[in-house]
Every structure is written in structure tokens, then in C-alpha cells.
Amino acid sequence: MKDYDNSMAIQMRNVCKHYPHFDLQNISLELPKGSIMGFIGPNGAGKSTTIRILMGLVQQDSGIVNVLGNQMPTHQIAAKWDIGFASEDMRLYKNETIQWHMDYIKSIYPTWDTNYAKQLVKRFDLTRHQKVKGLSHGQRVKAGLLLMLARKPKLLLLDEPTTGLDPVARHEVINELMDVLLDEERSILFSSHNTQDVEQLSDEITFIDKGRIISSENKESYLEKWRRIRLEISSDKQLPSLTGMVEQRRSGTQAIITAKSFSENMAETYRNCGAHIHSIENMTLEEIFVSEVQSSRAFNSSLDAATTGDNMNKGAAA
Amino acid sequence: MDSEFILSQADGRPMYLQIIEQIKRRISIGDWPAGHKLPSIREFAVSLRVSVITVKRAYQELESEGVITTQHGKGSFVSIDSQLDEQLREKDMNQHLVEAIKIAESLGLSEKEIKLRIEQLYRQSSKPKTTNQS
């Protein structure tokens, strides 16, 4: 890529991938080096496909993918030395021990850090000489992460790293991930259903639904835009429909408004309409996530309705 | 030091505000005196287990309020301003009073009633003192 930006760990531009029952459409995202991106979306939204494209495991139909300066999938072999990938369904050899796996990965990757691996065994509360088949789900996930972390990859691609872990194990994993970020050259992209983890850890947040990116931006400015406004207005008065308003719920004189691009002007406009504002509240990422998906789906289905309506008119004309 | 910072997701306020508040408390109780060097943004973020961008935002706000100053390449320091502790506590108190007024208004109390309530509570809570201030 000519205009590859050296400060970026990941750059994706207009990436598309077609499957018989699913389309990944125009995925564009950037992850600056030294930062961590939370990738969220409902089941089947395209998170895993996107991650697999970044890993070179799936080839995009069109669009540009650059990972750590390597164009993908052409230079995937070079890229993979520096990428650590972990997913829920990591396959380990069930008749071998954790130690066997550690020796195996060590023999392939010169960056393997034996001391760090030892520390991780302790911190993850694992037993080196235990065979994989005797491990619980949580232990297996942690073993997979250990094998990846001890190689010290520059970019960590994690597909649901904390899913199915108990709270203690989740903390152990999160602690290790945060330690990775002490190094300004290392970066993480992780997908998760757990909006709480994403809200706490991420510098960047990317929302994906039905193969499309709904939004991708810096967490602080993103959270800052969303507000819930509780107000009181006499029931015979109308509330104006302002741009940036996603939802309006009224019951008697009480109204709750959800705004996705809140500004003080918005509150002022409501006041000028005779509303008395009780509170303007911040929203959690979980609440934003649900609003975002619902409003984006409502918008798309209204587009669909418009096009079907159009076709029907044409049909009538013909 | 950092272990005494506790961020809560049950708190309801954004993380960056919780960080700001706890740093201010550190300063106002004198744990972090003027000139004290704050941890680097990245170190602080890692030890708090929150994103770098959240700590960065907290530092930026503290800087714009004049609570800390950042010297390029050297780090962030508690501002050298002897009035600061008092200012912070005063600001803190005002915030609490504003909150109380809001609640009182939602209960339908008038300005007069609110003042009366404050006077009553003041008499109850404060022990007799010699008032040497004019």
C-alpha cells in the first residue's frame, strides 16, 4: 500500500467478502499502534470474519488490508511472525501437556520468553504437566492465551478472549492484556460480547452489525456524544424531532430522549419548547450498543421499505 | 499508591470523572503536594486497568482546570499553587450544594424552604464554636 501509515497497526479500507448467506460490506477501520480496540456486535455480525481476514485465514474479495506494514493476504507469512491470534475454539493436542505445547511453540518462535511463560503459568493458575484433555474450558482458554502471549507478538487478535471464563479467570486475562500495552509498540484488537470489558479497556471502539460497520471511533469522544435526557412537558405539547435524537419515549408529562450527538443546544431547544429538564445522563456502552443497533436496523429497514415501495410503484406502472 | 485508586463500574459516572475526582482528593488531602510527579498516562492506565485514552482525557481536563501542568517530555506535575487545595475543596462543596438544590427542587421545596433547611441542619451538625471570622 503506497499510503501506508507507519503509526497504524491495522488499516482496512473498503474490505468486502461475499458468502452465500452473508456479506461483509465496505469494512474500513484503523488501529493506531500502542492502543487497544474493542470490537463489538451481535452474533453473526461479521466480527470473526473480519478478524480472520486480518490473520490471512480468509481472503477478502476486494479492499485493502494492511497489518503491521504487511499487505494481506499477499504478505501474510511475514505478518504472522508478529501476530498473536487466539479464539474460543483454539485447538490444542488433547493427549499432550501444556509444557509440551510450550516447548513446541518455543521451537518455532525465536521471540518466545521462557521466564514470562513460567510467570504466566503461575498467574493463570495452570499446571504445566497436565494434559490438555483434562483441562476445563477456562483452563484451555488460558492455556491458548499463554502460548500466544509468551511469544510477545506485536499485534494481538483475540476473538472473544474472555467468553466463558469465570470472573477470576477473566481478571487474570484482562490483567495480562493490559500489561501488553505498557509497550507503546504493541496493540490489541479483541472482539467481545461483554460491553463492560470493552468499555473499561478500549481506546477505540468499533461496532459491527449485519456485516457493516455502524461506527468506529475513539471511546471517549464516542461515549461523550450519547446522552439520555429526562424531561417533563405538558402532555398537549409536541417535542421537536431534532437531528441526533435516536429515540423518544413519552408517558404522560414525562419524556425520555436518547441522543446520539448531544449538545447543549439540544437541551436549550427543549427548554424553549416549554420542557423542564430533570437530568441529562451519561449512558453505559451496553445501553449505547442496544440503541445503536436498533436505530441502525430501523434506518436500514426503512430504506428497504422505500425501495420495495418503489418497485411496487414501477410494477403498477408496468 | 495506585492501588488506592479504585474505579467502579457501578459508580454510574464515566471512568475519567472518577479518575479526576480521586486525583483531586489525593491533592486536597496533601498526599500529592505541589510539584509531585504524576504517573505517566500509560503506566497509570495499565495499573488502573483502564484504557490509555481514558487517563489521557482525565489528565487533559485536570490540566485545563489548572490542577496539573504537563511539561513536554518530562511528565505531569501537581500545579504549584498554594490556593489550589482550598479552591478544590470549595469547588467540591459547591458541587454538592448544587446537587442538593436540584434534589430539593424536585421535591418541590422553595428557595426559602431550602435555606431554612440548611440553617436547621447547620445548627444540628455544628458544635458551638467561637466565630472569629467577620
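# Chat about a two-chain predicted model

Visitor: Before I start, what kind of model is this?

Guide: This is a predicted model, and the values below are computed from it.

Visitor: OK, let's begin with how the two chains meet. How many residues does each chain put into the contact?

Guide: Chain B contributes 15 residues and chain A contributes 18 residues to the contact. Between them the two chains bury about 1600 Å², and 50% of that area is on carbon and sulfur atoms.

Visitor: And what about polar contacts across that interface?

Guide: There are 14 residue pairs in polar contact across the interface of chain B and chain A, counting pairs in which both residues are at pLDDT 80 or more. On the side of chain B that touches chain A, the elements that give two or more residues are helix 2 and helix 3 of chain B, and helix 2 of chain B gives the most, with five residues. Sorted by class, that side of chain B has eight nonpolar, three polar and four charged residues.

Visitor: How many salt bridges cross between the chains?

Guide: The rule finds three salt bridges across the interface of chain B and chain A. One of the salt bridges in the model is formed by the side chains of D179(A) and R49(B), with an N to O distance of 3.3 Å.

Visitor: Tell me about R49(B), then. Where does it sit in chain B?

Guide: R49(B) is in the loop between helix 2 (41-48) and helix 3 (52-64) of chain B. Within chain B, a polar atom of the R49(B) side chain lies 2.7 Å from the backbone oxygen of V46(B).

Visitor: Which residues is R49(B) in contact with, beyond its sequence neighbours?

Guide: If neighbours within four places in sequence are left aside, R49(B) is in contact with N175(A), M178(A), D179(A), Q200(A) and L201(A). With N175(A), the side chain of R49(B) makes a polar contact of 2.7 Å, while with D179(A) the side chain of R49(B) forms the salt bridge at 3.3 Å.

Visitor: Switching to chain B by itself: which domains is it divided into?

Guide: Chain B is divided into domain 1 (2-78) and domain 2 (84-125), and the centres of these domains, taken over C-alpha atoms, are separated by 28 Å. The contact between them takes six residues from domain 1 of chain B and five residues from domain 2 of chain B.

Visitor: How much area is buried there?

Guide: About 470 Å² is buried between domain 1 of chain B and domain 2 of chain B, with carbon and sulfur atoms giving 67% of it. On the domain 1 side, I27(B), S28(B) and V67(B) lose the most area to domain 2 of chain B, and together they account for 63% of what that side buries.

Visitor: Which polar or charged pairs are counted between those two domains?

Guide: The count of residue pairs in polar contact between domain 1 of chain B and domain 2 of chain B is zero, for pairs with both residues at pLDDT 80 or more, whereas the count of salt bridges between these domains is one. K91(B) forms a salt bridge with E65(B), and the closest N and O atoms of that pair are 3.6 Å apart. By class, the side of domain 1 of chain B that touches domain 2 of chain B has two nonpolar, two polar and two charged residues.

Visitor: Why would K91(B) and E65(B) count as a salt bridge but not as a polar contact?

Guide: The closest N and O atoms of K91(B) and E65(B) are 3.6 Å apart, which falls within the 4 Å allowed for a salt bridge but not within the 3.5 Å required for a polar contact.

Visitor: Now chain A. What does its domain assignment give?

Guide: Chain A is assigned domain 1 (8-217) and domain 2 (227-282), with 41 Å between the centres of these domains, taken over C-alpha atoms.

Visitor: What does strand 1 of chain A pair with?

Guide: Strand 1 (residues 8-19) of chain A runs antiparallel to strand 2 (residues 22-32) of chain A and is joined to it by eight bridges; these two strands form a hairpin with two residues between them. Along this pairing, I10(A) has L31(A) as its bridge partner, and H18(A) stands opposite D23(A). Strand 1 of chain A is also joined by five bridges to strand 4 (residues 62-67) of chain A, again antiparallel, and there Q11(A) stands opposite N66(A).

Visitor: Last one: how many salt bridges are there over all chains?

Guide: The count comes to 26 salt bridges over all chains. Among the salt bridges is the pair E176(A) and R123(A), whose closest N and O atoms are 2.9 Å apart. This pair links distant parts of the chain, with E176(A) in helix 6 (residues 167-180) of chain A and R123(A) in helix 4 (residues 114-123) of chain A, 53 residues apart.

Terms used:
Residues numbered from 1 in each chain as written. Chains lettered and ligands numbered in written order. Predicted model: local features only at pLDDT ≥ 70, side-chain atom pairs only at ≥ 80, totals over all residues. Heavy atoms only, no water. Domains from an automatic or database assignment. Pairing = 2+ DSSP bridges. Helix = DSSP H or I, 4+ residues; strand = E, 2+ residues; numbered from the N terminus. Polar contact = N/O pair within 3.5 Å; in protein donor to acceptor, adjacent residues only side chain to side chain. Contact = heavy atoms within 4.5 Å. Buried area = accessible area lost by both parts, 1.4 Å probe. Nonpolar A, V, L, I, M, F, W, Y, C, P; charged D, E, K, R; others polar.
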